[in-house]
Amino acid sequence: MTSQKIRIGITANLGIAVFLSGVVALLWPSVVTAQNFSPTVVAIVDYQRILEESTATRAIKEQLLQRRQLYQSEITQQEQGLRQADQDLSRQRAILAPDAFAQKRREFEAKVAEVQLGAQTRKKELDEAWDYSVREVQTALRAIIAELAQERGFNLVLDRSQVMYADSAYNISDEVLARLNERLPTVSVPDSTN
């Protein structure tokens, strides 16, 4: 193939591409208006601040703090018992036969493992209770945001942490927090399943 034929082929393809680009450019406004988008009305919400400052979240924290203190008291008592058992076992080492001492040592280590497992279980229970309770607050929070959006015509609500700058007039956090505190003043943290 000669270079002249290649140039003619490239020129023809380029001409078709330019023609198609022109057709798309002419049709583009009708495609955009055919979708009939409404203007964007934006609101900003400081989601993290609302979660931290809500009376429901504070009630959850207080309930979990009390439960954590109770668990810690139980664990402290168990640890004191283990320390005493360890001291007793150390004193018995001289008077027990090696096999008997080894058996008592294994029993002691099993008790230590049981206390450790109990502490881990309690921590897991606290974490699960926190997650469950906060989900209740988040559900109410999302419902309030949806209500405000419908009342005021917002069709886009962004979290403040995702926005670099917005006029404070767009921030509806205070109103959302007030409604949340009114609607959900407290949340009862569920008891553990164990």
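Hi everyone, let me start right at one residue: setting aside neighbours up to four places away in sequence, Leu-158 is in contact with Val-42, Ala-43, Ile-44, Val-45 and Val-163. Before I go on, please keep in mind that this is a predicted model.

So where does Leu-158 sit? Leu-158 is part of strand 2. Its relative accessibility is 31%, which is over the 20% limit for buried and not over the 50% needed for exposed, so Leu-158 counts as partly exposed. There is also a C-alpha distance to mention here: Leu-158 and Asn-171 are 9.5 Å apart in space, with their positions 13 residues apart in sequence.

Now to one of the partners of Leu-158. Val-163 belongs to the loop that links strand 2, residues 156–159, to helix 5. With a relative accessible area of 23%, Val-163 is partly exposed too. Once residues up to four places away in sequence are left out, Val-163 touches Ile-44 and Leu-158. Ile-44 is a long way back along the chain: Val-163 and Ile-44 are 119 residues apart in sequence, yet 8.2 Å apart in space, C-alpha to C-alpha. Ile-44 is on the contact list of Leu-158 as well.

Let me step back to the whole chain. How many helices and strands does the protein chain have? There are five helices and two strands, and from the N terminus they come in the order α-β-α-α-α-β-α. Of the contacts with a separation of 6 or more, 87% join residues 24 or more positions apart. Buried residues are 22% of the 194 in the chain. As for the surface, about 14100 Å² is accessible, and carbon and sulfur atoms account for 56% of that.

On to the helices, and I'll take helix 3 with helix 4. Their axes come within 11 Å and cross at roughly 175°. An angle over 145° counts as roughly antiparallel, and that is why helix 3 and helix 4 are described that way. The residues of this contact divide into 18 nonpolar, four polar and 10 charged.

Between helix 3, residues 55–92, and helix 4 there is a loop, and Arg-93 is found in it. Is Arg-93 buried or exposed? At 55% relative accessibility, Arg-93 counts as exposed. Arg-93 and Lys-104 are 11 residues apart in sequence, and their C-alpha atoms are 9.7 Å apart.

My last pair is helix 4, residues 98–152, with helix 5, residues 173–183. These two pack at an angle of about 125°, with their axes 10 Å apart. Helix 4 and helix 5 are therefore oblique to each other, and their crossing is right-handed.

Which residues meet there? From helix 4 we have Val-137, Ala-140, Leu-141, Ile-144, Ile-145, Glu-147, Leu-148, Glu-151 and Arg-152, and from helix 5 Glu-175, Val-176, Arg-179, Leu-180 and Arg-183. Sorted by type, the residues of this contact are eight nonpolar, no polar and six charged.

If you have the model open, two places are good to look at together. One is strand 2, where Leu-158 lies, along with Val-163 in the loop after that strand and before helix 5. The other is the right-handed crossing of helix 4 and helix 5. Thanks for listening, and I'm happy to go through any of it again!

Terms used: Residues numbered from 1 in each chain as written. Predicted model: local features only at pLDDT ≥ 70, side-chain atom pairs only at ≥ 80, totals over all residues. Heavy atoms only, no water. Helix = DSSP H or I, 4+ residues; strand = E, 2+ residues; numbered from the N terminus. Buried < 20%, exposed > 50% of the residue type's maximum accessible area, 1.4 Å probe, protein only. Contact = heavy atoms within 4.5 Å. Areas by Shrake-Rupley, 256 points an atom, 1.4 Å probe, with all protein chains shown as cover. Axes fitted to C-alpha atoms, helices over the stretch in contact; angles between N-to-C directions. Parallel < 35°, antiparallel > 145°, perpendicular 65-115°, else oblique. Left-handed = near helix turned anticlockwise from the far one by under 90°. Nonpolar A, V, L, I, M, F, W, Y, C, P; charged D, E, K, R; others polar.
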